[in-house]
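Grab your favourite viewer and let's work through a few exercises on ring pairs and core packing. Try each task yourself before reading on.

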Amino acid sequence: MKLDANKAVSIFQNSVLDWHKAQKPSENPFPENTLEHTLYQKNQIDTIQWHIEDDIRVPNLALEEVVVLKRRIDKLNQERTDMVERLDDFILELFRDIQPKPGARLNSESPAWLLDRMSILELKIFHMQEQVDRTDSAATSQHIETCKKKLSVLLEQRADLKICLDELLEDYAKGDKKMKVYRQMKMYNDQNLNPSLYNAKK
């Protein structure tokens, strides 16, 4: 797959729509071990987490249920991070044969972390559009108008991030920038690195 912003956004949008048809994870339509499959899976994880983040904020939720949801969020955060690193590995492979020019600069945000923002942005746009389209009595005209303005900002952000991704990929293709995958080395979920976890085993 030749990666570009329009293609990535299209995959994210389809994933969001597919998940909401049944309110549950949907079958990935792309072959395994492909960039497309990973982009779709990444957005599915984001979508699941989005709704758990909503659920955990329900007032008067039993503490036991809060703990269960928090554990699921922690697990999804780890999966999300793993997925971002896998995306960067895919993208690094796309530019394997490109020799960076002398003096080529690094970018503080990798393409996959940019894609992470774009994936979550599609969820914001989907759910803000839901608010704009509300017809129930609790949705006042002021609420709808406020959401329309927010949606306009989100759409502008989508356009901006698409340009940023395409420009970054172009810089890699020309050798103007060089790419590295920065491993997140998250420690809190690791039984061997989180003192609260390994001390609890003693």
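**Exercise 1.** How many aromatic pairs does the structure hold?

Solution. Start with the criterion: rings of Phe, Tyr and Trp (its six-membered ring) pair if their centres lie within 6.5 Å; planes under 30 degrees apart count as stacked, over 60 as edge-to-face and the rest as tilted. That gives 2 aromatic pairs. A word on the input: this is a predicted model, where local features need pLDDT of at least 70, side-chain atom pairs count only at pLDDT 80 or more, and totals for chains, interfaces and linings use all residues. Residues are numbered from 1 along each chain as its sequence is written, and side-chain values use heavy atoms, with hydrogens and water left out.

**Exercise 2.** Classify the pair formed by Phe30 and Tyr40.

Solution. Step one, geometry: the centres are 6.0 Å apart and the planes make 65 degrees, hence edge-to-face. Step two, burial (buried is under 20% relative accessible area, exposed over 50%, partly exposed in between; 1.4 Å probe, protein chains only). Phe30 is partly exposed at 26%, while Tyr40 is buried at 1%.

**Exercise 3.** What is the geometry of the Phe95 and Tyr172 rings?

Solution. Their centres sit 5.6 Å apart with planes at 55 degrees, so this pair is tilted. Now check burial: Phe95 is buried at 17%, and Tyr172 is buried at 4%.

**Exercise 4.** Which residues touch Leu115, leaving aside neighbours within four places in sequence?

Solution. Using contact as heavy atoms within 4.5 Å, you should find Leu3, Ala8, Phe12, Leu39, Ile91 and Leu165.
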